[in-house]
Amino acid sequence: MGASDPEVAPWARGGAAGMAGAGAGAGARGGAAAGVEARARDPPPAHRAHPRHPRPAAQPSARRMDGASGGLGSGDNAPTTEALFVALGAGVTALSHPLLYVKLLIQVGHEPMPPTLGTNVLGRKVLYLPSFFTYAKYIVQVDGKIGLFRGLSPRLMSNALSTVTRGSMKKVFPPDEIEQVSNKDDMKTSLKKVVKETSYEMMMQCVSRMLAHPLHVISMRCMVQFVGREAKYSGVLSSIGKIFKEEGLLGFFVGLVPHLLGDVVFLWGCNLLAHFINAYLVDDSVSDTPGGLGNDQNPGSQFSQALAVRSYTKFVMGIAVSMLTYPFLLVGDLMAVNNCGLQAGLPPYSPVFKSWIHCWKYLSVQGQLFRGSSLLFRRVSSGSCFALE
């Protein structure tokens, strides 16, 4: 999961998001994608029942139960449930913070330790940069164990704000009821459902991202102060004052556009790919085997294997799409710290970029669009401009 995640890191959110960087990155990304496809893949209604094994009576949907008696998110339980999600997200954020901290330092090109000589699987000698564990030990040597949690406070606030925003939007703009479908005969209806649900999730993700982004910028800048040993951004309130005074209102939203684009591409790519694969390649009858699944005593179990296959499909698609959208995460994080008065955002670590497109083109020419995507086996690439500094 990447160093960016307005709610919980991309893979902590859904299944989220997670690769070492995709945080999310993730993040809400994985949760949004998983939620859409899960609702799109519930067992079909009774009139589509298997010819030999009748389906059990349809149960009321989760949304209707929430609005009725005793649902998890209904009545007096709603504030408690929301507080529980905020607390759970804060715990995940705190535990994953050292990982994202090291990732951000690698993203900005800070390599304080020299590479070591090793061999690859083919027996060739290659140079390897320090892994996450070696890098984390170095930070502990410099700043102590507490140093691994530099920038955690604004990140916790950012995630909490994003979670509350998404919950509030669901109450103000509740999603419409849509008939559950899963047969190939209902492809048009099913695709419409996925498109509608993805559009709804995209709206919530974009709004929560925009509201939480100023705190994300502050968190990024607090962390990269490790590079130049600065103390310019020390607290949330003082950081807000400094950014507003030096950069104006727009200073709180630097790097927002690539993050939004990455979120949008991830949601649509993950949901549509998973939908088409599950619709065309996964057969509901895969579970109707002589081994006992789908018998008259347990008719609903005939879909268990198909649902399991679909869940793996969503997980794999989430990983694949998050890897493809990683450059958006990298560019957004670099723009958040570029030319802000900190050494990590100035030459020689980074040129002063005119726009995020300029940053993207620069990284592309240098072959660095995926810098920081791996934290364990980090080879020195031929195009790396920071690796040996």
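A disulfide is a pair of cysteine sulfur atoms within 2.5 Å, and a search of the whole structure under that criterion finds 0 disulfides. The structure is a predicted model. The protein chain holds 12 helices and 3 strands, and buried residues account for 48% of its 389 residues. This briefing covers the overall surface, the cysteines, selected helices, the salt bridges and a nonpolar patch.

**Overall surface**

- The accessible surface of the protein chain amounts to about 18200 Å². Carbon and sulfur atoms contribute 66% of that surface.

**Cysteines**

- Cys-206 has a relative accessibility of 18% and is therefore classed as buried, the cut-off being under 20%.
- Cys-359 is likewise classed as buried, at 0% relative accessibility.
- The search for disulfides returned 0 across the whole structure. In general terms, a disulfide is a covalent bond joining the sulfur atoms of two cysteines.

**Helix 5 (residues 132–143)**

- Helix 5 comprises 12 residues. The distance from its first C-alpha to its last is 16 Å, close to the 16 Å expected at 1.5 Å a residue.
- The buried residues in helix 5 include Phe-132, Tyr-135, Ala-136, Ile-139 and Asp-143. Because they span an arc of only 100° around the axis, they lie on the same side of helix 5.
- Phe-133, Lys-137 and Gln-141 are exposed and sit on the face of helix 5 turned away from its buried side.
- Gly-144, just after helix 5, adopts a positive phi of about 80°.

**Helix 6 and helix 7**

- Helix 6 (residues 152–172) has 21 residues, and its first and last C-alpha atoms are 30 Å apart, close to the 30 Å expected at 1.5 Å a residue.
- Among the buried residues of helix 6 are the charged or polar residues Arg-155, Ser-158, Asn-159 and Arg-166. Leu-152, Pro-154, Gly-167 and Met-169 are also among its buried residues.
- Leu-215 belongs to helix 7 (residues 187–228) and is buried, with a relative accessible area of 12%.
- Leu-215 and Ser-158 are separated by 57 residues in sequence, yet their C-alpha atoms are 5.4 Å apart in space. Ser-158 is one of the buried residues of helix 6.
- Phe-226 is also located in helix 7. Its relative accessibility of 3% places Phe-226 in the buried class.
- The C-alpha atoms of Phe-226 and Ala-344 are 8.7 Å apart, although the two residues are 118 residues apart along the chain.

**Salt bridges**

- The whole structure contains 8 salt bridges.
- One of them pairs Glu-111 with Arg-378, with 2.2 Å between the closest N and O atoms. Glu-111 is in the loop between helix 4 (77–107) and strand 1 (116–119), whereas Arg-378 is in strand 3, so the pair ties together parts that are 267 residues apart in sequence.
- Both partners of this pair are buried: Glu-111 has a relative accessible area of 9%, and Arg-378 has one of 7%.
- Asp-143 forms a salt bridge with Arg-229, the closest N and O atoms lying 2.5 Å apart. Since Asp-143 is in helix 5 and Arg-229 is in the loop between helix 7 and helix 8 (236–247), the pair ties together parts that are 86 residues apart in sequence.
- Asp-143 is among the buried residues of helix 5, whereas Arg-229 is partly exposed, with a relative accessible area of 46%.
- Asp-143 and Arg-229 also belong to a network of salt bridges that includes Arg-150.
- Glu-246 and Lys-232 meet through their side chains in a salt bridge of 2.8 Å, N to O. Glu-246 is in helix 8 and Lys-232 is in the loop between helix 7 and helix 8, so the pair ties together parts that are 14 residues apart in sequence.
- Glu-246 is partly exposed, at 48% relative accessibility.

**Nonpolar surface patch**

- Phe-133, Leu-376 and Phe-377 make a nonpolar surface patch of about 390 Å².
- Phe-133 is one of the exposed residues on the face of helix 5 turned away from its buried side.
- Phe-377 is located in the loop between helix 12 (356–366) and strand 3 (378–379). With a relative accessible area of 68%, Phe-377 is exposed.

Definitions and conventions
Residues are numbered from 1 along each chain as its sequence is written. This is a predicted model: local features need pLDDT of at least 70, side-chain atom pairs count only at pLDDT 80 or more; totals for chains, interfaces and linings use all residues. Side-chain values use heavy atoms; hydrogens and water are left out. Buried means under 20% relative accessible area, exposed over 50%, partly exposed in between (1.4 Å probe, protein chains only). Patches are made of residues with over 30% relative accessible area and no salt bridge: like charges are joined within 9 Å, nonpolar side chains (Val, Leu, Ile, Met, Phe, Trp, Tyr) within 5 Å. Accessible areas come from the Shrake-Rupley method with a 1.4 Å probe; for residues, only the protein chains shown count as cover. A salt bridge is a side-chain nitrogen of Lys or Arg within 4 Å of a carboxyl oxygen of Asp or Glu. Helices (H or I, at least four residues) and strands (E, at least two) are DSSP runs, numbered from the N terminus. The expected span of a helix is 1.5 Å times one less than its number of residues. The arc is that of the directions from the helix axis to the C-beta atoms.
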